[in-house]
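Please look over the sequence and the structure below. The report that follows takes one residue as its starting point and works outward.

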Amino acid sequence: MYSNSLIELDRAHLIHPVASYRGHEKLGVRVLASAKGATVTDASGRQLIDGFAGLWCVNAGYGHESIVEAATRQMRELPYATGYFGLGSEPAIRLASELAERAPGNLDHVFFTLGGSDAVDSTIRFIRYYWIGRGEPQRDQFISVEQGYHGSSTVGAGLTALPAFHAGFGIPFDWQHKIPSHYAYRNPVGDDPQAIIDASLAALRQKVEEIGPERVAAFYAEPIQGSGGVLVPPKGWMKAMRQLCQELGILFVADEVITGFGRTGPLFACHEDEIVPDFMTVAKGLTSGYVPMGAVFMGDHIYQTIADSAGAGAVGHGYTYSAHPVSAAVGLEVLKLYENELLDNGRKAGARLMAGLESLKDHPLVGDVRGRGMLAAVELVVDKEKKTPLPAKAEPARRIFDRAWENGLVIRAFANGVLGYAPPLCCTEAEIDGIVERTRKVLDETLEDPAVRSGLSD
Ligand code: PLP
């Protein structure tokens, strides 16, 4: 049973990430108690399909005994080993090597972090170090994409382009710049793929020109913008942007924190996009959320410059929990699961998910359906012609999430009426169908909401 005392304790003491503190105090916490496969069970016994894999991270699904065993074994043998003082542990070394083998091109070097935000943060430090090492210390300006998300660290959150992460925090810094998103459904240049790519290329060129070409350090992009509303760029967008960065002599960082580890089909989206970035950041699926871990992949040319530049001195960047052996042991086991079964299943389930969500297009509220693999979104509008978003008074983020919950489904409901999907790759056909059927119920109930009805076109 839900325990009132637990709700009270939460209210009194636990600060939730990215939450309205006052709103949360009023509503109280929903406590999750257990999970298996793609199903989560709350403390009152309600079972739900987790259509969002926690926070787009439990790619392998819940309850894999082999992952639990790998972690337990490692905790017994060696629960902690620092990477400082020239020390290390076998699972961390093996995981770095297995990952480097599978990473695009010359991304041969891996720096482990605790999650995605500190992975992004680390790239900013490494990039500054690299340019200083190259004798170009004036390259201290960074560019990212509107609607992009690059974490919640002090500097990384300034590359993030979502207003809630800036307001009240005094960021972004003046060295952090943005270009418009490729957001096809609402792009001023229309939805023609080549026009969108050309507009992004022109915007990046113009931004670099504006800042001063000799001052730009790097450009950051997600293969699919996740937290901005699952915005899928046209095929070829990443490749074109990567090539332009090369031409302009600026570094390219692919932030694969969401897209990595089978989320879009292959192990890394960069493979599908046919690019080799200078840096790649990952987290989430790296350990499938069982324990925290992220990583920075660094191109060999960057690594060699940094190493030469430091010489005998230390490169002063690292964490107590860098390359944590328990996380690494989990990472190794999860990687095996992806390659033995989950990538294949995820590709099949992803095709079924996309087809299922496409079938919702006949619903009066569905303006757009987009996605790749097991990463998708349905964008709701009250007027399909004018693409009018749901009115704010319909409180899409809270009320659509609640309706889904009541229908036994966890999805992400964005404030602008976008529904986000990122189910575990282990989903069965019945679970995928369940996600789609339950979504249709949520849409029907949303259509009955007076706040939505009042905004509908005749
Ligand atoms: N980068 C991207 C693209 C993300 O989606 C996220 C988190 O969702 C992060 C970075 C930050 O990762 P974390 O929440 O593990 O710090």
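## Around F261

Leaving aside residues up to four places away in sequence, F261 touches N59, L267, G285, L286 and Y338. Two residues touch, or are in contact, if their C-beta atoms, placed from the backbone, lie within 7 Å. F261 sits in the loop between strand 8 (251-255) and helix 10 (269-273). Helices (H or I, at least four residues) and strands (E, at least two) are DSSP runs, numbered from the N terminus. The C-alpha atoms of F261 and K284 are separated by 8.5 Å, with their positions 23 residues apart along the chain.

This is a predicted model: local features need pLDDT of at least 70, side-chain atom pairs count only at pLDDT 80 or more, and totals for chains, interfaces and linings use all residues. Residues are numbered from 1 along each chain as its sequence is written. The mean pLDDT of the protein chain is 97, and 99% of its residues reach 70 or more. pLDDT is the predictor's confidence in each residue, from 0 to 100. The model scores ipTM 0.99 and pTM 0.98.

## Backbone exceptions

Most residues other than glycine have a negative phi, and most peptide bonds are trans. Two residues with positive phi are listed here.

| Residue | Phi | Loop | C-beta neighbours within 10 Å |
|---|---|---|---|
| F261 | near 65° | strand 8 (251-255) to helix 10 (269-273) | 30 |
| S288 | about 55° | strand 9 (279-282) to strand 10 (294-298) | 31 |

F261 is buried, and S288 counts as buried too. The cut-offs are 20 or more other C-beta atoms within 10 Å of a residue's own for buried, 12 or fewer for exposed, and partly exposed in between, with C-beta atoms placed from the backbone.

There is also a cis peptide bond. It joins I171 and P172, with omega about 10°. P172 is in the loop between helix 7 (156-159) and strand 6 (176-179).

## Two domains and a core

The domain assignment gives domain 1 (31-63 + 340-453) and domain 2 (81-323). Such bounds come from an automatic or database domain assignment. The C-alpha centres of the two domains lie 28 Å apart. In contact are 28 residues of domain 1 and 19 residues of domain 2. Helix 12 gives the most to the side of domain 1 that touches domain 2, with 5 residues. By class, that side has 14 nonpolar, 8 polar and 6 charged residues. Ala, Val, Leu, Ile, Met, Phe, Trp, Tyr, Cys and Pro count as nonpolar, Asp, Glu, Lys and Arg as charged, and the others, Gly among them, as polar.

Next, the core. The largest nonpolar core has 129 residues, and A218, F219, L251, A295, F297, L353 and Y421 touch the most other members. Helix 12 (residues 325-358) gives the most to this core, with 14 residues. Domain 1 and domain 2 both give residues to the core, so it lies between them. A nonpolar core is a set of buried Ala, Val, Leu, Ile, Met, Phe, Trp, Tyr and Cys residues joined through C-beta atoms within 7 Å. Not counting residues up to four places away in sequence, L251 touches I127, A217, A218, C245, D278 and F279.

## The ligand shell

Which residues are closest to the ligand? They are G115, G116, S117, G151 and V257, out of 15 that surround the ligand. A residue is near a molecule if its C-beta atom, placed from the backbone, lies within 6 Å of it. Helix 6 (residues 116-133) gives the most to this shell, with 3 residues. By class, the shell has 5 nonpolar, 8 polar and 2 charged residues.
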